[in-house]
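Please open the model in your viewer and keep a selection tool at hand, since this tour moves from one selection to the next.

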Amino acid sequence: MPSQPVTFSAQQIEELNQKLSTMRHDINNHLSLIMAATELIRHKPHMAERMMVTLTEQPPKISAAIAKFSTEFEQAFGIIRG
């Protein structure tokens, strides 16, 4: 954690908020694909094999979106992982 107070300009806060918004949007998109694939499998079981690709691709994408924002957040606040 930073040893001194951290000050942000309005522009820096706006940029960080935009990055947070992007992360939320990306995660919601990935979750929507999971839900769509699940519903398709429920109604058309023969599509399961095809939809498994979509299902298995989403969790790593969600993790990547969180990791990207976490890195940007930590950099903005001067947080160094130990």
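A residue is called buried here when its relative accessible area is under 20%, exposed when that area is over 50%, and partly exposed in between. Please keep in mind throughout that the model is predicted.

Begin with the whole chain in a cartoon view, where you will find 2 helices and 0 strands. Turned along its principal axes, the C-alpha trace spans about 60 × 30 × 10 Å, and the radius of gyration of the chain is 18 Å, whereas a compact globule of 82 residues would have one near 12 Å. If you colour by burial, buried residues will make up 20% of the 82 residues in the chain. With a surface displayed, the accessible area of the chain comes to about 6300 Å², and 60% of that belongs to carbon and sulfur atoms. Among contacts with a separation of 6 or more, 67% are made by residues 24 or more positions apart. Should you mark the charges, the mean positions of the 8 positive and 8 negative ones lie 5 Å apart.

Next, select helix H1, residues 10–43, and within this helix pick out His30. Is His30 buried or exposed? His30 has a relative accessibility of 15%, which is under the 20% cut-off, and therefore it counts as buried. Leaving aside neighbours within four places in sequence, display Gln58, Lys61 and Ile62 as well, for these are the residues in contact with His30.

Now move to Leu31, which is also placed in helix H1. Leu31 counts as partly exposed, because its relative accessibility is 40%. A distance drawn from the C-alpha atom of Leu31 to that of Ser3, 28 residues apart along the chain, will read 38 Å.

Then turn to helix H2, residues 48–77, and select Phe73 and Phe77, which both lie in this helix, 4 residues apart, or about one turn. How are these two side chains placed with respect to solvent cover? Phe73 has a relative accessibility of 32% and so counts as partly exposed, and Phe77, at 27%, likewise counts as partly exposed because this value falls in between the two cut-offs.

Stay with the aromatic rings for the last stop, where the count of aromatic pairs comes to 3. In the pair made by Phe73 and Phe77, the ring centres are 4.6 Å apart and the planes stand at 35°, so the pair is tilted. Finally, add Phe8 and Phe69 to the selection, and you will have one aromatic cluster, formed by Phe8, Phe69, Phe73 and Phe77.

Note on methods. Residues are numbered from 1 along each chain as its sequence is written. This is a predicted model: local features need pLDDT of at least 70, side-chain atom pairs count only at pLDDT 80 or more; totals for chains, interfaces and linings use all residues. Side-chain values use heavy atoms; hydrogens and water are left out. Buried means under 20% relative accessible area, exposed over 50%, partly exposed in between (1.4 Å probe, protein chains only). Contact means heavy atoms within 4.5 Å. Rings of Phe, Tyr and Trp (its six-membered ring) pair if their centres lie within 6.5 Å; planes under 30 degrees apart count as stacked, over 60 as edge-to-face and the rest as tilted. The radius of gyration is taken over C-alpha atoms; the globule rule is 2.2 Å times the number of residues to the power 0.38. Accessible areas come from the Shrake-Rupley method with a 1.4 Å probe; for residues, only the protein chains shown count as cover. Lys and Arg count as positive and Asp and Glu as negative; His and the chain ends are not counted. The place of a charge is taken as NZ of Lys, CZ of Arg, CG of Asp or CD of Glu.
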